[in-house]
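Let us work through how the labels on a structure are earned. Each answer sets a value against a rule.

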Amino acid sequence: MENCVFCKIINGEIPSEKIYEDDDFIVIKDIRPVAPVHLLAIYKPHVATINDLSIEDSQRMWRLFEVVKKVSKENGIESYRIVQNNGKDSGQEVHHIHFHIIGGRKLGPLG
Ligand code: AMP
């Protein structure tokens, strides 16, 4: 989608620190890390939030957990948090579904 930063990263139009890619997901390093390891697993099709997922998208996304297992292990984090924001009040900044994988230090409470 035009003007979507993650679509541009997926299409190679803007650079990123890519650490993994398959047909459905790309995993990059977050440009503003909140912890020593802060990765973003981005679903490739442009879908803004979980509320916008079709059944077909949801079925394609089941592999996310395999991707998370792989990249977290490869980045040396056995304990980590997954954050996924949906909509304005959640603080979602980029309206293209993605999952933060955060670890490498002791994390505080959710809030
Ligand atoms: P969210 O608030 O859940 O939408 O998270 C968006 C995340 O994307 C933020 O943590 C940003 O730091 C990150 N981000 C934005 N632009 C880029 C970029 N060009 N490369 C890597 N991460 C980015």
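Q: In this predicted model, which residue of S2 is the bridge partner of lysine 18?
A: Isoleucine 28 is that partner in S2.

Q: What makes S1 and S2 a pair?
A: Pairing needs at least two bridges between the strands. S1 and strand S2 (residues 25-29) have 3 bridges, in the antiparallel sense. The rule is therefore met, and they pair.

Q: How are the strands of the sheet ordered?
A: The open sheet has 5 strands in the order S1-S2-S3-S5-S4, with antiparallel pairing.

Q: Why are S1 and S4 said to stand at the edges?
A: Strand S1 (18-21) and strand S4 (80-83) each have a single partner strand, so one side of each lacks a neighbour in the sheet. From one strand to the next, the twist averages 20°.

Q: How do you know that valine 94 makes a polar contact with the ligand?
A: The cut-off for a pair of N or O atoms is 3.5 Å. A polar backbone atom of valine 94 is 2.9 Å from an oxygen atom of the ligand. That is within the cut-off, so the pair counts.

Q: What makes the approach of isoleucine 31 a polar contact?
A: A backbone N or O atom of isoleucine 31 lies 3.1 Å from a nitrogen atom of the ligand. The limit is 3.5 Å, so this pair counts too.

Q: How much of the ligand does the protein bury?
A: Taken alone, the ligand exposes 510 Å², and the protein buries 89% of that.

Q: Where does the ligand sit, and which element gives the most to the shell around the ligand?
A: The ligand sits in the largest pocket. Helix H1 (5-10), S2 and strand S5 (98-103) each give two or more residues to the shell. H1 gives the most, with 3 residues.

Terms used:
Residues numbered from 1 in each chain as written. Predicted model: local features only at pLDDT ≥ 70, side-chain atom pairs only at ≥ 80, totals over all residues. Heavy atoms only, no water. Helix = DSSP H or I, 4+ residues; strand = E, 2+ residues; numbered from the N terminus. Axes fitted to C-alpha atoms, helices over the stretch in contact; angles between N-to-C directions. Polar contact = N/O pair within 3.5 Å; in protein donor to acceptor, adjacent residues only side chain to side chain. Areas by Shrake-Rupley, 256 points an atom, 1.4 Å probe, with all protein chains shown as cover. 1 Å grid on protein atoms, 1.4 Å probe; cavity = no way out; pocket = protein on both sides within 12 Å on 5 of 7 lines; lining within 4 Å. Sits in = over half its atoms within 2 Å of the grid points.
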